[in-house]
Amino acid sequence: MSDPVTNKPDLDDSTNVNVDAAAAERENHMFTEGAEPLSLWVILGSAIVVLIGGGVLFGGHVFDYKNFVKKGYVREKAPDDGAGGAKPKPAIAAYKAIGKKVYDSCSTCHQPAGEGNMSFPPLADSEWVTGPSMRPAMIILNGMHKPVTVNGKQYDGVMPTMGDGMDAKKLAGILNFIRNSFGNKADKLITVEMAEDAIAAAKERGSGPVSADELNEKYNRDLKGAELPMDTPVDPKTLEPATAAE
Amino acid sequence: MSELSHDSTAEDTQLRSEIDRSLRHPVMFFFTSGATWLAVSLILGIVASIKSHNPGFLGECSLLQYGRVFPAHLNALVYGWGAQAGFGVLIWLMARLSRQPSRNAGTILVAGHIWNLGVAIGVGGILFGHGTGKQWMEFPTFVWPVLLAAYAVIAIWAVIAFRVRRGDHVYISQWYLLGAVIWFPWIYLTANLYVNVFDVHPLMATAINRWFRQAMILLFFAPIAIASAYYITAKVTARAIYNYTYSVGGFWALAIIAPWAGMHAVMGSPIPVFLQYVGAAATMLVAVPLIGAGVNILKTAAQSGEATAHSPSLRFTVAGVFGMLLLALLGLLLAHPKAIAYTQFSTAVYGYEVLALYGFFSMCMFGAIYFIVPRVTRREWLSRRLIRTHFWFSIYGVLLIVLFCSVLGGFQQGAAQRAYDESWSSAVLSGFPFVVATTLAWCAILYANVFFCIHLTLMWLRLGRRSSHPTLLRHDHASVGPHGPEGDIEEIENAKA
């Protein structure tokens, strides 16, 4: 560096390296082959990363073709007050779950186990419950007066109308509940559509409690509507059949 | 020890000057147009961010609705700024390390203009409603072959420079650069063919699109940034790479792991399950090479703390390397299948991409630009205050975006989305404060880059300081800087005369 004239040749006639290539001139020469020991922390940190990543890779899901989508990833069941999106249930269970809540207002007279008491008839093992499904629907919607004979015993209690504020979903729920509880076993599921049939019939009939004779005369039939197998998966909230996969 | 002298010989200086001169036009073109696209992208990003919490902003002009502005913002960032800054560093660094001046600067410059035209048409196409709706591929479909052809013309000269390199030694940066040069066309061609050309099942096309985004980050932007960081750090500190063997191992680990990453983003969808799990594992495992490279670079820089503090190149580079380490940790956090359930459809992915593109890649590119531009323009940077503003507002901005988008906002939004007994609007509202904060963070980054853009333009116009002092970030004028004794040109010459 003693003599700039010999040490620093001009790049071309007009350019002086000392001025114009100052940045290139002051650059350091590079040394590449460092071989300092690796810090233990780098090795440890990398090992932790490999452990976590390996856990994902070899966690038993990678070639799990039976579960096309990992099972654990499916969302957990929605809480009961959830607005849909919950895991589908078999239809009978979903309907009965709704009916069980409605039955709370029936159990004072008909008793929690459906055995009835002195004035109110049992629901267990009753032909009125498990027989043609229009009859119990009309009783619930309109109430009932005049005596009724169940299993050879006469009951005189008056049943008030329960139809106010009862929508088809609740009616279907309570019907399925009483027809499939207390030892009862109905062969068909009462769907929401069938319950709508009952509500339409009750509307046409007008208000006022029904009597046993009237029921046998006019309403001795099953509710109309498309049948649904009892174990069809349905949404527990909307009772719609779950068509898409979860 | 004479062969280990840090001082450059006259032949070295002359060769470096020749290389710098040969590439000055394309390199400056890539940097200045890239910085302009960065500013455009930031403005679009701010508009998109404001739109997401204040939809009435700028009225009902369809050109400026969120669905167009947001993809325009991301694509301008990726192809306008990211790729062009990468090209500039790529061709310059490859020429320097191969010790070969370029003889094809004109061709590269033309290809650079074509690339720019493609990006401009693409961004305009998105804004006028012709976007494809596939993230990072929103340009109208006729644009991608143009970009690929322009890329081929630009990058082939880097490969040729490598082929005709002087000396046998292949520096670690060359490995990374060569990797990026080869991987980009593979990723870009494959993804575009499968998503835009072949009749692939839409679900699989979505998965390929997510793989493309992750591969662009890990196999194109990351290797260029790491190459630049290894070079700048070794060059400015005049130290050997801390552990050279480990740096080469890190390259091969990245090459093996990174191509698997990406498809975890569609976890839970009916694509083959191993793709999702391998993608998640690869995104997590890529932390190993990233941490390896990061620690290696930081250990090298730490041997010369003064240079790190004072040299703008090294300071930006070190910040970018910290961004890389943060990216590795964030990948580890966000790609875990348990976290994906929360973050899959939230802003967390955006935060991860912004960290990769700005906090890691762009910071390393800024470091390289602060190093390269004085050499190719033969002028020094004008103002250290502009550089400081650029540095600190970038750091604040990108950290806030990562914090609010990925860590806090991402998980909170994801948790709110999963509460499906609540209405969707409440999930959107729960992210409101984070979106507002993101807007402010983008404003900070825009503030930083407006000054950067002006500074760079002045340098491009050769209005930089004509001096032999480097512009260093220090308050006092010490007599001896990290690059040796300083002094005005005239002083030196007078003294020598």
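In this predicted model, the backbone oxygen of B:Ala427 sits 2.8 Å from a polar atom of the B:Ser430 side chain. B:Ser430 belongs to helix α16 of chain B, which covers residues 424–430. Its relative accessible area is 17%. B:Ser430 is therefore classed as buried, since the limit for that class is under 20%. Beyond residues up to four places away in sequence, B:Ser430 touches B:Gln412, B:Gln413 and B:Ala416.

A second polar contact in chain B involves B:His53. This residue lies in helix α2, residues 24–53. The side chains of B:His53 and B:Thr439 are joined by a polar contact of 2.9 Å. B:Thr439 is also among the residues that B:His53 touches, together with B:Phe432, B:Val435 and B:Val436. That list leaves out residues up to four places away in sequence.

Helix α4 of chain B spans residues 105–127. It has 23 residues, so at 1.5 Å a residue it should span 33 Å. Its end C-alpha atoms are 33 Å apart, which agrees. After α4(B) comes B:Gly129. The phi of B:Gly129 is positive, near 90°.

A positive phi also appears in the loop between α7 and α8 of chain B, where B:Ala238 lies. The phi of B:Ala238 is about 60°, although the residue is not a glycine. Most residues other than glycine have a negative phi. B:Ala238 is buried, with a relative accessible area of 11%.

Helix α8 of chain B follows at residues 244–257. At its start, a side-chain oxygen of B:Asn243 comes to within 3.3 Å of the backbone nitrogen of B:Thr245. The helix has 14 residues. From first C-alpha to last it reaches 20 Å, close to the 20 Å expected at 1.5 Å a residue. Its buried residues are B:Tyr244, B:Ser247, B:Gly250, B:Phe251, B:Leu254, B:Ala255 and B:Ile257. These pack against four helices of chain B: α6 (172–197), α7 (202–237), α9 (273–285) and α10 (287–302).

In chain A, helix α5 covers residues 91–103. It holds 13 residues and reaches 18 Å between its first and last C-alpha atoms. This is close to the 18 Å expected at 1.5 Å a residue. Buried residues of α5(A) are A:Ala91, A:Ile92, A:Ala94, A:Tyr95, A:Ile98, A:Gly99, A:Val102 and A:Tyr103. Their cover includes β1, α6, α9 (168–179), α10 (192–205) and β4 (233–234) of chain A.

Within this helix, A:Gly99 has a relative accessible area of 0% and is buried. Apart from neighbours within four places in sequence, A:Gly99 is in contact with A:Gly173, A:Ile174 and A:Phe177. A:Gly99 and A:Ser126 are 27 residues apart in sequence. Their C-alpha atoms are 18 Å apart in space.

A:Pro88 lies in the loop between α4 and β1 of chain A, with β1 at residues 89–90. Its relative accessibility is 32%. A:Pro88 therefore counts as partly exposed, as the class runs between the 20% and 50% limits. A:Val234 is 146 residues away from A:Pro88 along the chain. Even so, their C-alpha atoms are separated by 5.0 Å. A:Val234 is also touched by A:Pro88, as are A:Pro233, A:Pro236 and A:Ala242. Residues up to four places away in sequence are not counted here.

A:Asp125 occupies another chain A loop, between α6 (107–110) and α7 (127–130). It is not a glycine, yet its phi is positive, at about 55°. With 59% relative accessibility, A:Asp125 counts as exposed.

The surface of chain A also carries a nonpolar patch, formed by A:Leu38, A:Leu40, A:Trp41, A:Ile43 and A:Leu44. Together these residues have about 550 Å² of accessible area. One of them, A:Trp41, lies in helix α4 of chain A, residues 40–57. The relative accessible area of A:Trp41 is 68%. It is classed as exposed because this value is over 50%.

Conventions: Residues numbered from 1 in each chain as written. Chains lettered and ligands numbered in written order. Predicted model: local features only at pLDDT ≥ 70, side-chain atom pairs only at ≥ 80, totals over all residues. Heavy atoms only, no water. Patch = residues over 30% accessible without salt bridge, like charges linked within 9 Å, V, L, I, M, F, W, Y side chains within 5 Å. Areas by Shrake-Rupley, 256 points an atom, 1.4 Å probe, with all protein chains shown as cover. Salt bridge = Lys/Arg side-chain N within 4 Å of Asp/Glu carboxyl O. Helix = DSSP H or I, 4+ residues; strand = E, 2+ residues; numbered from the N terminus. Buried < 20%, exposed > 50% of the residue type's maximum accessible area, 1.4 Å probe, protein only. Expected span 1.5 Å × (residues − 1). Contact = heavy atoms within 4.5 Å. Polar contact = N/O pair within 3.5 Å; in protein donor to acceptor, adjacent residues only side chain to side chain.
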